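This briefing is meant for a reader meeting the structure for the first time. Please keep the sequence and the model side by side while going through the points below.

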Amino acid sequence: DGSRNIINAETLSIGQASNTLSAKLEALGTDARLQVHYSGQSRGGIGAFSSQRVGMYTTSSNDDLIFGTTTTGASANFVTRMYINNGDGNVGIGTTSPIYDLQIGSYGTDSDSTLALASTTSGTGSIRFGDGTSGAEANAGKIAYDHSNNSMQFFTNDGTERARIDS
């Protein structure tokens, strides 16, 4: 395909490219990816996939996807901030054992957890409930806060407002 492995000592770039590198580390090709491996255990990376998708991945159903921080770059100092369970897809923020699709905080350890929906002074923040992908099924229920008049609204069934709390 005309591509080759190259090292550009002038820009300290490493990669595979047919002409020039545009990043410090670059992979070019079908399903191009950068993959890391922890001594016979977890393996994963970041890749460019078909249909203009870029994603982080693991290569084993036993490996979960985690995001976190470390002050030294070592496993011993890694603090998990967000966790995606590879078995069921549950996402945890502030927990490594989410039991729901999205869980914020850990039971018995966090005194407070907050979910903030930010909007403009004339906008609306809302949580929607649905059991389908379109129409009334996609909007079976809603809790909304309208900042333009400082009211909390509750909607059910076909999106009809059933209750309102004014400021």
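In this predicted model, strands S11 and S12 run antiparallel and are joined by 6 bridges. One position along this pairing can be located by residue, since Thr 124 stands opposite Asp 146 in S12. Both strands belong to an open sheet of 4 strands, whose order is S11-S12-S13-S14 and whose pairing is antiparallel. The edge strands of that sheet are S11, covering residues 124-129, and S14, covering residues 160-166, each of which pairs on one side only. From one strand to the next, the twist averages 15 degrees.

**The middle of the four-stranded sheet**

- Strand S12, made of residues 141-146, and strand S13, made of residues 151-156, run antiparallel and are held in register by 6 bridges.
- Along this pairing, Gly 141 stands opposite Thr 156 in S13, while Ile 143 stands opposite Phe 154 in S13.
- S12 and S13 form a hairpin with 4 residues between the strands, and Asn 150 takes a positive phi near 50 degrees there.
- In a regular strand, side chains alternate between the two faces of the sheet.
- In S13, the covered face carries Ser 151, Gln 153 and Phe 155, whereas the uncovered face carries Met 152, Phe 154 and Thr 156.
- Phe 155, listed on the covered face of S13, has Lys 142 lying over the face of its ring, at 4.4 Å from the ring centre.

**The last hairpin of the sheet**

- S13 is also joined to S14, again by 6 bridges, and these two strands run antiparallel.
- Phe 154, which stands opposite Ile 143 on one side, has Ala 163 as its bridge partner in S14.
- The hairpin of S13 and S14 has 3 residues between the strands, and Asn 157 in its turn has a positive phi of about 55 degrees.

**The three-stranded sheet**

- A further open sheet has 3 strands in the order S4-S5-S6, with antiparallel pairing.
- Its edge strands are S4, spanning residues 33-37, and S6, spanning residues 53-58, and each of them pairs on one side only.
- Neighbouring strands of this sheet are turned against each other by 10 degrees on average, when direction is ignored.
- S4 and S5, the latter made of residues 43-49, pair in the antiparallel sense over 5 bridges, and His 37 has Arg 43 as its bridge partner in S5.

**An aromatic pair**

- The count of aromatic pairs comes to 1.
- The rings of Phe 49 and Tyr 57 have their centres 6.1 Å apart and their planes at 75 degrees, so this pair is edge-to-face, given that planes over 60 degrees apart fall into that class.
- The two members of the pair can also be described by their accessibility: Phe 49 counts as partly exposed because its relative accessibility is 28%, while Tyr 57 counts as buried because its relative accessibility is 15%.

**The loop before S11**

- Ser 106 has its place in the loop between strand S10, residues 102-104, and S11.
- When residues up to four places away in sequence are not counted, Ser 106 touches Gly 94 and Thr 95.
- Ser 106 and Gly 92 are 14 residues apart in sequence, and their C-alpha atoms are 8.8 Å apart in space.

**The chain as a whole**

- The chain has 1 helix and 14 strands.
- Buried residues make up 19% of the 167 residues in the chain.
- The chain exposes about 12,100 Å², and carbon and sulfur atoms supply 51% of this area.
- Among contacts in the chain between residues at least 6 apart in sequence, 6% join residues at least 24 apart.

Key:
Residues numbered from 1 in each chain as written. Predicted model: local features only at pLDDT ≥ 70, side-chain atom pairs only at ≥ 80, totals over all residues. Heavy atoms only, no water. Phe/Tyr/Trp six-rings, centres within 6.5 Å; stacked < 30°, edge-to-face > 60°. Buried < 20%, exposed > 50% of the residue type's maximum accessible area, 1.4 Å probe, protein only. Lys NZ or Arg CZ within 6 Å of the ring centre and 35° of its normal. Contact = heavy atoms within 4.5 Å. Areas by Shrake-Rupley, 256 points an atom, 1.4 Å probe, with all protein chains shown as cover. Pairing = 2+ DSSP bridges. Axes fitted to C-alpha atoms, helices over the stretch in contact; angles between N-to-C directions.
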